[in-house]
Amino acid sequence: MQGVLTGFAVIAVVIAVGYAIGRRGYLGDQGREVLTKLAFHVASPALLFTTLAQTDLSVIFSSRLLVTALSTAAAAGVFVAVGVVRHWGVGRTTIGALCSSYVNSGNLGIPIAVYVLGDASLVAPVLLFQLVGVTPVALTILDLSGKGEKGPLWRRLLTPLRNPIAVGSLAGVAVSATGLRIPAPVLDPLTLIGGMSVPAVLLAFGISLCGSTMPGRGPERLPVFLSVALKSFGQPAAAWALAAGVFGLRGAPLLDVVVTSALPAAQNLYTYASSYRVAERLARDSILLSTVISVPVLVVVAALLG
């Protein structure tokens, strides 16, 4: 259980520092916005490029990835269905679907994979699937549903190529697929810049908590509770049913896919919501609640399947 507790402790400390910065006003009124833009436009694309450029893409061809993809689709699909019925709007429904199914495979998934599962590479299929598959699609939907959606069809079709996070992800995959070796003078600065991504996201998230009300209240109450329930219980349950019942996974492989599916919603989802100025409260509350709830959930999963 050390890995679970260590991962959450690191995240909690950095968010607490962000909260303290916000309370003291050290970064001024625009501090959160500056950190968010830094992460979205500069640091996160660099991090995704350097990570994927050095990843063995053969990991995507596995039954574990299929379980991840199907459980993600199941959780997101339920939220989308409810969002359509309740007329929550495209942007709000997209953010809610992400909060219901997009796991924190980076800054939390990696330490948990190391300390609980014994191999950091086990989160690579999830990371690749989310970065290369889910993220470009979701951000394209957000782009096309915003004020700038009107224009020539060719321009709208090229929307993913204008998004910095999608560009960083796809460029990293291209480098890995072609086997190109990036010279150190090029890779090292990108790695250094990418190292700002996770701290910037967490600090911005902490600042956003200043002066906020308790999560799960107000008009976003139903979407928040639905996304948290799907993320914390629905997705890991779907992953377990698919892995054990359909793909016949047992032992360590079964533990791997259920643990990764039980990870909370990723902090960078708040960055997306903030950057597009849509459903920010939904993203913030869902991330916070799913992170808190995932602690006992991960402990129980590890105890039962470990």
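**Exercise 1. Find H87 in this predicted model and decide whether H87 is buried or exposed.**

Step 1: H87 has a relative accessible area of 71%. The cut-off for exposed is over 50%, so H87 counts as exposed.

Step 2: Now place the residue. H87 sits in the loop between α3 (63-86) and α4.

Step 3: Check the backbone. The phi of H87 is positive, about 60°, although H87 is not a glycine. That deserves a second look, because most residues other than glycine have a negative phi.

**Exercise 2. Which loop holds R277, and what is the sign of the phi of R277?**

Step 1: Look between α13 and α14, since that is the loop where R277 lies.

Step 2: Read off phi. For R277 the angle is near 55°, a positive value in a residue other than glycine.

Step 3: Add the accessibility. R277 comes out at 60% relative accessibility and counts as exposed.

**Exercise 3. Which residue forms a salt bridge with R277, and which parts of the chain does the pair tie together?**

Step 1: Start with the general idea. Side chains of opposite charge can pair when their charged atoms come close.

Step 2: Find the partner. R277 forms a salt bridge with E33, with 3.4 Å between the closest N and O atoms.

Step 3: Trace both ends. R277 lies in the loop between α13 (268-276) and α14 (280-305), while E33 belongs to helix α2 (residues 31-53), so this pair ties together parts that are 244 residues apart in sequence.

Step 4: Compare cover at the two ends. R277 is exposed at 60%, whereas E33 is partly exposed, with a relative accessible area of 26%.

**Exercise 4. How many salt bridges are there by this rule, and where do the partners E220 and R92 lie?**

Step 1: The count is seven salt bridges.

Step 2: One of them joins E220 to R92, the closest N and O atoms being 3.1 Å apart. The two residues belong to distant parts of the chain: E220 is in the loop between α10 (197-208) and α11 (221-246), R92 is in helix α4 (residues 90-101), and 128 residues separate them.

Step 3: Check the acidic end. E220 has 13% relative accessibility and counts as buried.

Step 4: Turn to another pair, D285 and R284, whose closest N and O atoms are 3.2 Å apart in a salt bridge. D285 is buried at 2% relative accessibility, and R284 is buried too, with a relative accessible area of 11%.

Step 5: Look for shared partners. E33, K37 and R277 are joined into one network by salt bridges that share partners.

**Exercise 5. Which residues touch the most other members of the largest nonpolar core?**

Step 1: This core has 61 residues, and the ones touching the most other members are I95, L98, Y102, V259, L269, Y272 and L298.

Step 2: Ask who contributes. Helix α6 (residues 124-145) gives the most to this core, with eight residues.

Step 3: Zoom in on V259. Leaving aside neighbours within four places in sequence, V259 contacts I112, L117, L298 and V301.

Step 4: Don't stop there. Another core of eight residues lies apart from the largest one, and its members include L35, A39, V201 and L203.

**Exercise 6. Where does α11 bend, and what span should α11 have?**

Step 1: Work out the expectation. With 26 residues at 1.5 Å a residue, α11 should span 38 Å; the end C-alpha atoms are 35 Å apart, which agrees.

Step 2: Follow the axis. α11 bends by about 40° at L230.

Step 3: Go to the end of the helix. V246 belongs to α11 and is exposed, with a relative accessible area of 58%. V246 and V67 are 179 residues apart in sequence, yet their C-alpha atoms are 9.1 Å apart in space.

Step 4: Carry on past the helix. Just after α11, G248 has a positive phi of about 65°.

**Exercise 7. How many helices and strands does the chain have, and what share of the residues is buried?**

Step 1: Count the elements: 14 helices and zero strands.

Step 2: Of the 306 residues, 48% are buried.

Step 3: Consider contacts between residues at least 6 apart in sequence: 83% of these join residues at least 24 apart.

Step 4: Finish with the surface. The accessible surface is about 13900 Å², and carbon and sulfur atoms account for 68% of that area.

Methods:
Residues numbered from 1 in each chain as written. Predicted model: local features only at pLDDT ≥ 70, side-chain atom pairs only at ≥ 80, totals over all residues. Heavy atoms only, no water. Helix = DSSP H or I, 4+ residues; strand = E, 2+ residues; numbered from the N terminus. Buried < 20%, exposed > 50% of the residue type's maximum accessible area, 1.4 Å probe, protein only. Contact = heavy atoms within 4.5 Å. Areas by Shrake-Rupley, 256 points an atom, 1.4 Å probe, with all protein chains shown as cover. Salt bridge = Lys/Arg side-chain N within 4 Å of Asp/Glu carboxyl O. Core = buried A, V, L, I, M, F, W, Y, C linked by side-chain atoms within 4.5 Å. Expected span 1.5 Å × (residues − 1). Bend = angle between axes of the 7 residues up to and from the residue.
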